[in-house]
Amino acid sequence: MPVVHGALRLGLCLLTFVLACGSTEPDPRPGEDDDNDKVAALTLSPNGATLLVGEALTLAVLAVDDTGRVLNNAKVTWSSSPPGPVTVARGRMEGVAPGVSVITAKAGLASATLSVRVLPADPFRPSSDEVLMSAREVGLINDEELLAYRVYATFNDPRLPSQYKARVEPGVHASALEALHARFDSLSAPTQNALGMYLLRPADPGSWLNAPFPDARLRGMGRPSCSSTPTGWNYQSASSAKVRVWYQGTAKVEREKAMMLFAAIENEIWPRLTRLGLKAPLTDEAYDGCNGGSPQLDVYLVRNMTQGGLTVSEDRFNPKQAATHILLSAELDEPSLKGSAAHELMHAIQWSYASKGSQLEQGWIREAIATWAIDYVYNTLLVGKTDVTPYQLEHEFAACFMKTPFLALESREKCQGGVGRDYGAYLFFQFLSKKYGPIFVATTLTNLTTEASSLTALDSAVPDNLWQVWPLFAKALWNQAPIDTQAESFNQWDALTQKVQSMSGSADLNGLPEKQDDFPDELSNLSNRYVQFTFSDPDTRSVLFHNGWFKNVTASGEPIKVLAFWSDANGTWHEEDWSRYEYIGFCRDLKSQRVQELVIIFSNAKFEPGGGGTLKAAATPYLKRNNVGCWKYQGSSKSVLKAASWSGPGTTLDANLEFKVMGGFATADFAHPSLPYTKRLGAFMLMPYQGDFTIDIDYVSGECRYTHGPASYAGIPEGGAMQLNPFNELKSPDPTIQAWLSRPARAYTTAITDGRLVNLTVSGGEECRRPAMDEFGSILVTDTGSPPLVKANGEMSGTLVTGDTSYSWTLKPQREP
């Protein structure tokens with residue numbers, strides 16, 4: 001909070017509020033009696049309220065005697081009339097049902113009342129921030145009203161118009177109050193009069209916690225100054241302590257919470273952070289009279305603050321380095337309060353560095369590091385200890401970051417619920433801390449004293465620079481199989497179960513012959529995209545991934561990384577770097593390549609010092625799959641040779657055929673030498689033949705009849721092969737191969753011949769009695785230059801008539817068992 005030395009002090013020492021102690025007597029101070037017989041008047045703060053059903057608000061009560069002296073040990077009782085809309089106990093009101101109730105506080109013969117209105121709660125209605133932003137966009141309120149109403153919503157100020165009453169999303173940071181401190185001097189006089197109480201320290205007389213709403217005594221003062229005499233507030237501290245933890249009132253529950261928080265800061269948070277070589281928060285010794293009575297860091301437990309806390313600079317004239325004080329919500333439970341304290345203490349530490357740029361303009365990195373501090377203090381500190389519970393407050397912010405991996409690291413966009421993505425960026429600092437040790441955080445803050453850019457400061461602090469570590473972070477961020485069981489994973493480091501958002505779905509064809517999914521061809525700098533597909537359909541056989549980023553990596557040298565994980569038929573996971581491959585394939589008919597699940601991670605490690613920027617892929621990345629077999633085809637063929645001059649059936653060859661990938665090409669890592677920059681592709685472009693056939697020769701030519709068989713023979717492996725082109729995207733420097741690759745996708749061709757000779761039986765006239773021989777000839781020919789295509793059902797079938805021979809065939813794809 002800024003201080004103007006010599007300015008008018010608020011002499012409001014008697015305006016001291018004591019937290020309501022409920023229907024039971026507060027824990028009295030030693031040696032003091034019940035003051036109820038001395039109470040002359042009670043005043044409630046706030047002096048009105050609007051609640052949603054399920055929302056709560058804590059009242060403060062001021063008890064004075066007939067001389068105006070504050071009474072600290074008055075026993076206050078509470079009632080609500082009618083009791084239906086609102087319940088009240090120990091000054092804590094909660095909305096129960098729509099309606100209006102009057103709350104009455106009594107102590108001795110004195111009483112005070114306020115009216116409370118309860119509105120219905122709709123969990124599907126937009127949040128307070130969303131309602132207010134919408135009102136501003138359509139011109140219902142101006143910028144100053146927007147700021148004022150955001151502050152009112154943050155602190156449940158009854159001046160918030162009821163039409164803008166909505167749920168306030170919880171969060172660590174009281175951003176509306178921070179914006180008020182930054183903009184106050186430019187606000188109009190009426191707005192300054194209305195909001196000035198929020199610039200005072202909470203214990204100052206006249207602050208929003210110690211005065212009615214609004215407090216007319218602050219009018220015309222501009223930016224109010226502090227008071228040197230906080231009363232009605234107590235603190236936990238010690239002469240050698242680093243902090244004072246302030247709380248309002250004398251009730252036991254408030255005192256115990258302050259004691260717990262004081263012990264946590266002194267024994268856990270402060271020493272853990274400063275041992276990293278981080279500077280300690282600056283003292284406020286120079287602000288004597290406005291520093292809570294000591295140079296110690298002041299931490300205030302604040303009631304009715306919907307956000308977790310705020311670290312407030314003491315010097316508005318120096319936005320780069322300042323002493324601070326901290327506000328923390330008194331409504332938080334113990335884990336959240338400790339986590340918020342670690343977050344805000346890190347902010348106080350950040351303010352101790354004379355940054356090159358404004359502290360508040362550092363934006364994302366301030367919140368990321370402060371949220372990282374929660375994890376560092378309450379997970380790494382407590383490893384192996386059984387007497388302290390680790391707190392996972394930071395997990396609340398991981399979801400926003402992991403739902404938006406496609407946004408840049410420095411993005412401060414808000415997710416549903418109003419959570420800022422920059423808080424979730426702590427995951428990157430957690431990753432770096434685990435990889436290089438937490439000392440790099442101190443290096444980063446030191447770098448910010450000479451670097452105006454948060455990204456260059458971070459890049460200089462990372463030993464391997466951002467280009468090297470960003471894809472490793474992208475991999476860790478996947479945080480599910482197969483990563484979550486590895487030692488270097490967020491799940492193992494911190495029991496984080498949140499999963500990063502991915503483009504996911506089934507890769508199955510479901511009866512279609514082919515499918516293709518295109519992926520985004522643009523990546524923001526320092527961002528990632530994730531693709532996840534599962535395979536279960538056995539008819540989804542051939543798979544092709546086209547890496548549209550290939551030329552970005554190989555020709556332009558851009559820091560794009562394409563990583564992949566895939567699980568095979570045995571459930572074994574494989575990790576591969578696909579960045580320098582243009583095409584990657586799988587043959588799911590092969591057991592070694594039977595991908596069951598495929599994860600592809602695209603990461604862009606490039607950054608500009610000022611943030612922003614994108615890279616566009618040279619071509620669109622996509623995943624294509626079809627039902628073209630790629631391990632083995634089995635079936636039958638029939639060829640019938642009958643010359644025009646013949647009579648009778650002719651020569652018939654009935655064959656049982658098998659075309660199968662050669663064994664050496666069936667490995668999971670196969671790369672074809674004539675297909676550069678490919679992986680697991682080309683193996684099934686050429687399938688050798690094996691099989692057997694039956695020949696039946698019976699025809700009459702002239703006066704002679706020629707017969708043989710029917711007889712069975714085994715085929716010879718050299719008799720032929722099948723060429724197959726499941727996809728036609730591939731490129732080869734070999735002209736012959738390229739000519740074949742230029743054929744349409746799904747094309748195939750084969751010619752099987754057998755040159756062996758057989759003896760024929762010849763019958764007929766005298767001239768037919770000489771011996772005769774013939775060769776088996778062509779068993780199968782599928783085309784004469786225009787190859788057929790695999791049918792939509794995945795089989796190869798067709799007929800061909802060429803010359804005197806007709807061919808027919810049916811071949812079906814097989815799956816390796």
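**Salt Bridges and Disulfides in a Predicted Model**

Good morning. In this structure, the side chains of Glu576 and Arg680 form a salt bridge, with N and O 2.9 Å apart. Glu576 belongs to strand 22 (residues 573–577), while Arg680 sits in the loop between strand 29 (678–679) and strand 30 (686–701), so the salt bridge ties together parts that are 104 residues apart in sequence. Both Glu576 and Arg680 are buried. Please keep in mind that the model is predicted.

Allow me to place that pair in context. Side chains of opposite charge can pair when their charged atoms come close. How many salt bridges does a search of the whole structure find? The search returns 29.

A second example is Arg159 with Asp157, whose closest N and O atoms are 2.7 Å apart. Arg159 and Asp157 are both buried.

A third example is the salt bridge between Asp185 and Arg316, at 2.4 Å from N to O. This pair links distant parts of the chain, 131 residues apart. Asp185 is in the loop between helix 3 (175–183) and helix 4 (189–195), and Arg316 is in the loop between strand 14 (309–313) and strand 15 (324–329). Are these two residues buried or exposed? Asp185 has a relative accessible area of 43% and is therefore partly exposed. Arg316, at 32% relative accessibility, also counts as partly exposed.

I now turn to the disulfides, of which the count is three.

Cys400 is joined to Cys415, with an S to S distance of 2.0 Å. The torsion about their S-S bond is about 80°, so this disulfide is right-handed. Cys400 lies in helix 8 (residues 395–403) and Cys415 in the loop between helix 8 and helix 9 (421–424), so parts 15 residues apart in sequence are tied together. Because its relative accessibility is 3%, Cys400 counts as buried.

Cys587 is joined to Cys630, S to S 2.2 Å. Here the torsion is about 95°, so the disulfide is again right-handed. Cys587 is in strand 23 and Cys630 in the loop between strand 26 (622–626) and strand 27 (632–641), 43 residues apart in sequence. Cys587 and Cys630 are both buried.

Finally, Cys704 is joined to Cys768, S to S 1.9 Å. Which hand does this link have? With -90° about the S-S bond, the link is left-handed. It connects distant parts of the chain, 64 residues apart: Cys704 in strand 31 (residues 704–714) and Cys768 in the loop between strand 33 (747–764) and strand 34 (772–781). Both Cys704 and Cys768 are buried.

Thank you for your attention.

Technical notes: Residues numbered from 1 in each chain as written. Predicted model: local features only at pLDDT ≥ 70, side-chain atom pairs only at ≥ 80, totals over all residues. Heavy atoms only, no water. Salt bridge = Lys/Arg side-chain N within 4 Å of Asp/Glu carboxyl O. Buried < 20%, exposed > 50% of the residue type's maximum accessible area, 1.4 Å probe, protein only. Helix = DSSP H or I, 4+ residues; strand = E, 2+ residues; numbered from the N terminus. Disulfide = S-S within 2.5 Å.
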